[in-house]
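Reader: I have not looked at this one before. Can you take me through it?
Author: Yes. Here it is.

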Amino acid sequence: MTRDCEDGAMRDLLPDYVNDTLSAAEHAKVEAHLRTCADCVAEIALIEAAGRAYPAPAIDVDRIVNALPGAPRISRRPFLGSRIAQFAAAIGVVTIGALSVFALRGFFGGDTTDIK
């Protein structure tokens, strides 16, 4: 029956220790811990055995990056051309203003001179 080291943070570092991806300080910390912890030494043996039994394929990062599509082109042309959009906005403002005047006149009975 195997036991687990009670230092969970140290156990989390063991796979990176086996793969040699720890910083120098973390590597030294794990090395010091391994001198006193038989559970972690056994865990490392298990991780190494699993790596030999199920090797990870090599990943060609450069090939993957080069296969990615480029960034989409962004059109610099303004929406519907700036003149057309400005004209449409001006027509909209004038129309809303005219409708507001007609609505107020109709609401107040057609004569707005006696509004108090």
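Reader: Where does a positive phi turn up?
Author: Asp 20, just after H1, takes a positive phi of about 55 degrees. Residues are numbered from 1 along each chain as its sequence is written. This is a predicted model, where local features need pLDDT of at least 70 and side-chain atom pairs count only at pLDDT 80 or more, while totals for chains, interfaces and linings use all residues, and side-chain values use heavy atoms, with hydrogens and water left out.

Reader: OK. How many helices and strands does the protein chain have?
Author: Five helices and zero strands. Helices (H or I, at least four residues) and strands (E, at least two) are DSSP runs, numbered from the N terminus.

Reader: Back to H1. Which of its residues are buried?
Author: Met 10, Leu 13, Leu 14 and Tyr 17. Buried means under 20% relative accessible area, with exposed over 50% and partly exposed in between (1.4 Å probe, protein chains only).

Reader: Why do they line one face of the helix?
Author: Seen down the axis of H1, the buried residues fall within an arc of 130 degrees, so they line one face. The arc is that of the directions from the helix axis to the C-beta atoms. An α-helix has 3.6 residues a turn, so residues three or four places apart point the same way.

Reader: And what covers those residues of H1?
Author: The cover includes H2 and H3.

Reader: At what angle do H1 and H3 cross?
Author: Roughly 45 degrees, and the axes of H1 (residues 8-18) and H3 (residues 38-53) come within 10 Å. That makes H1 oblique to H3. Axes are lines fitted to C-alpha atoms, for helices over the stretch in contact, and angles run from 0 to 180 degrees between N-to-C directions. Under 35 degrees is roughly parallel, over 145 roughly antiparallel, 65 to 115 roughly perpendicular, and the rest oblique.

Reader: Different topic. Is His 33 buried or exposed?
Author: His 33 is buried, with a relative accessible area of 16%. Its place is in helix H2 (residues 24-34).

Reader: What is His 33 in contact with?
Author: Leaving aside neighbours within four places in sequence, His 33 is in contact with Cys 5, Asp 7, Met 10 and Cys 40. Contact means heavy atoms within 4.5 Å.

Reader: And Asp 39, buried or exposed?
Author: Asp 39 lies in helix H3 and is buried, at 19% relative accessible area. Beyond four places in sequence, Asp 39 is in contact with Arg 3, Asp 4 and Cys 5.
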